[in-house]
Amino acid sequence: MPHTRIEGFPAEVRITEVGPRDGLQALPDWVPTEAKIAMVNDLIAAGLRQFEVSSFVSPRAVPQMRDAAEVFAGIDRGKGAELTALVPNARGAARAVEAGVDAMVVFLSASESHNQANVNCSRETSLTAFREICRIGEEAGIPVQGAIATAFGCPFEGDVPVTAITELARAYADMGITRISLGDTTGMATPLLVQERCRALKREVPEAAITLHFHNTRGVGLACVYAGLLEGITRYESSLGGLGGCPFAPGATGNICTEDLVYLLEESGVATGVDLEAVFAVARRMEKILDRPLPGQVMKAGPRLTLHRRDAVPCAAG
Ligand code: ZN
């Protein structure tokens, strides 16, 4: 078959694996440091090159991330993977610099009430703190990236106006933060909103390099990626096996699944550099470590040309 690609899609895409941070942070059971390190190292071997490894937040607030520095120390840096971490404040930034992060990620919410609920301050106060983090980053020669949570809807306020996104992105860009991710924290994105927000951002903040971060809460996570691809967006965040959410909170589902995303992209003619079978193996090991099935779908069914014995396939009745 000649190499073909969906019309309008980019030729290649970079995937940031956020499973080690976004996927694991809410899990009540401790995931051993060695398991976190092995997960990242095995995914580097599988071809992934961008990772949101951990979060330098208060160990009391997020106990699962208390080993952030040890995880960074254990990762194989030989293949040139880019390792980032979330930093909420100057203290976190100092720890991140010491741990040798390749970039720091600051974050706020597009809606005022979610920012208050998430980090207990106003968006304006968040932005002020980020200037200090940028100064620390500049001194250490470490770039800062910016995330905007609830970028497609807020669980407390509902629709988030597109101007909230463009204004916050403008504030980021004005402090030198041009790699900006739009996060769909509670799975409220739709393809139409993705198209609208990407176009507005490209128009109002042309220097922004956009990353999209979707959750599959309402089953349209990959459809939102599809909309992003049609807008020419080449950076997406996903998590191994669809890790994420809280197992005890009904409706709080995880990020879009890395293997399912790779499958969609490669089958659409978009290069990812990722070995799908190798990622399946890492996801299956993670299922064993967590002792529960992960939501990823392609890891269960296999790629579409996985062949079966005829007598192994149910027919007629179901
Ligand atoms: Zn997320």
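**Helix packing and a few loop residues**

Trainee: Quick one to start: what sort of phi does Gly176 take, just after helix 7?
Mentor: A positive one, about 90°. Keep in mind that this is a predicted model.

Trainee: OK, so helix 7 itself. How many residues does helix 7 have, and how far does it reach?
Mentor: Helix 7 has 13 residues, and from its first C-alpha to its last it reaches 18 Å. That is close to the 18 Å expected at 1.5 Å a residue.

Trainee: Which of the helix 7 residues are buried?
Mentor: Ala164, Ile165, Thr166, Leu168, Ala169, Ala171, Tyr172 and Ala173.

Trainee: And what do those buried residues of helix 7 pack against?
Mentor: Three strands and two helices are on the list: strand 4 (103-109), strand 5 (144-149) and strand 6 (179-183), plus helix 6 (123-140) and helix 8.

Trainee: Let's stick with helix 8. At what angle do helix 7 and helix 8 cross?
Mentor: Roughly 40°, and the axes of helix 7 (162-174) and helix 8 (191-204) come within 10 Å. The two helices are therefore oblique to each other.

Trainee: Is the crossing of helix 7 and helix 8 left-handed or right-handed?
Mentor: Right-handed. On the helix 7 side the contact is made by Val162, Ile165, Thr166, Ala169 and Arg170. Helix 8 brings Glu196, Arg197, Ala200, Leu201 and Glu204.

Trainee: How does that contact of helix 7 with helix 8 split by class?
Mentor: There are 5 nonpolar, 1 polar and 4 charged residues in it.

Trainee: Switching pairs: helix 4 and helix 6. How do their axes cross?
Mentor: The axes of helix 4 (residues 90-99) and helix 6 cross at roughly 20° and come within 9 Å. Helix 4 and helix 6 are therefore roughly parallel to each other, since angles under 35 degrees count that way. The crossing is right-handed.

Trainee: Which residues meet there, in helix 4 and helix 6?
Mentor: Helix 4 puts in Ala90, Ala93 and Val97, and they meet Glu132, Ile133, Ile136 and Ala140 of helix 6. By class, this contact has 6 nonpolar, no polar and 1 charged residues.

Trainee: Now the far end of the chain. How many residues of helix 10 are buried?
Mentor: Helix 10 (residues 258-267) has 7 of its 10 residues buried, so it is mostly covered. Those are Thr258, Glu259, Asp260, Leu261, Val262, Leu264 and Leu265.

Trainee: What covers those buried residues of helix 10?
Mentor: The cover includes strand 1 (14-17) and strand 8 (235-238), along with helix 9 (221-230), helix 11 (276-290) and helix 12 (298-301).

Trainee: You mentioned helix 9. How do helix 9 and helix 10 pack?
Mentor: At an angle of about 40°, with their axes 11 Å apart. That makes helix 9 oblique to helix 10. The crossing of this pair is right-handed.

Trainee: Which residues of helix 9 and helix 10 meet?
Mentor: Leu222, Val225 and Leu229 from helix 9 meet Asp260, Leu261, Leu264 and Leu265 from helix 10. The class split is 6 nonpolar, no polar and 1 charged residues.

Trainee: What phi does Gly269 take just after helix 10?
Mentor: A positive phi of about 85°.

Trainee: Those were glycines. What's the phi of Thr150?
Mentor: Near 50°, which is a positive value in a residue other than glycine. Thr150 lies in the loop between strand 5 and helix 7.

Trainee: Is Thr150 buried or exposed?
Mentor: Thr150 counts as buried because its relative accessibility is 0%.

Trainee: And Asp291, where is that found?
Mentor: In the loop between helix 11 and helix 12. Its phi is near 60°, again positive in a residue other than glycine.

Trainee: Why does Asp291 count as exposed?
Mentor: Because Asp291 has 69% relative accessibility, and exposed means over 50%.

Trainee: Last topic, Arg60. Where is the place of Arg60?
Mentor: Arg60 sits in the loop between strand 2 (50-55) and helix 3 (68-74). At 76% relative accessibility, Arg60 counts as exposed.

Trainee: By how many Å are the C-alpha atoms of Arg60 and Glu112 separated?
Mentor: 24 Å, and the two residues are 52 residues apart along the chain.

Notes. Residues are numbered from 1 along each chain as its sequence is written. This is a predicted model: local features need pLDDT of at least 70, side-chain atom pairs count only at pLDDT 80 or more; totals for chains, interfaces and linings use all residues. Side-chain values use heavy atoms; hydrogens and water are left out. Axes are lines fitted to C-alpha atoms, for helices over the stretch in contact, and angles run from 0 to 180 degrees between N-to-C directions. Helices (H or I, at least four residues) and strands (E, at least two) are DSSP runs, numbered from the N terminus. Angles under 35 degrees count as roughly parallel, over 145 as roughly antiparallel, 65 to 115 as roughly perpendicular and the rest as oblique. A crossing is left-handed if the near helix is turned anticlockwise from the far one by less than a right angle, and right-handed if clockwise. Contact means heavy atoms within 4.5 Å. Ala, Val, Leu, Ile, Met, Phe, Trp, Tyr, Cys and Pro count as nonpolar, Asp, Glu, Lys and Arg as charged, and the others, Gly among them, as polar. The expected span of a helix is 1.5 Å times one less than its number of residues. Buried means under 20% relative accessible area, exposed over 50%, partly exposed in between (1.4 Å probe, protein chains only).
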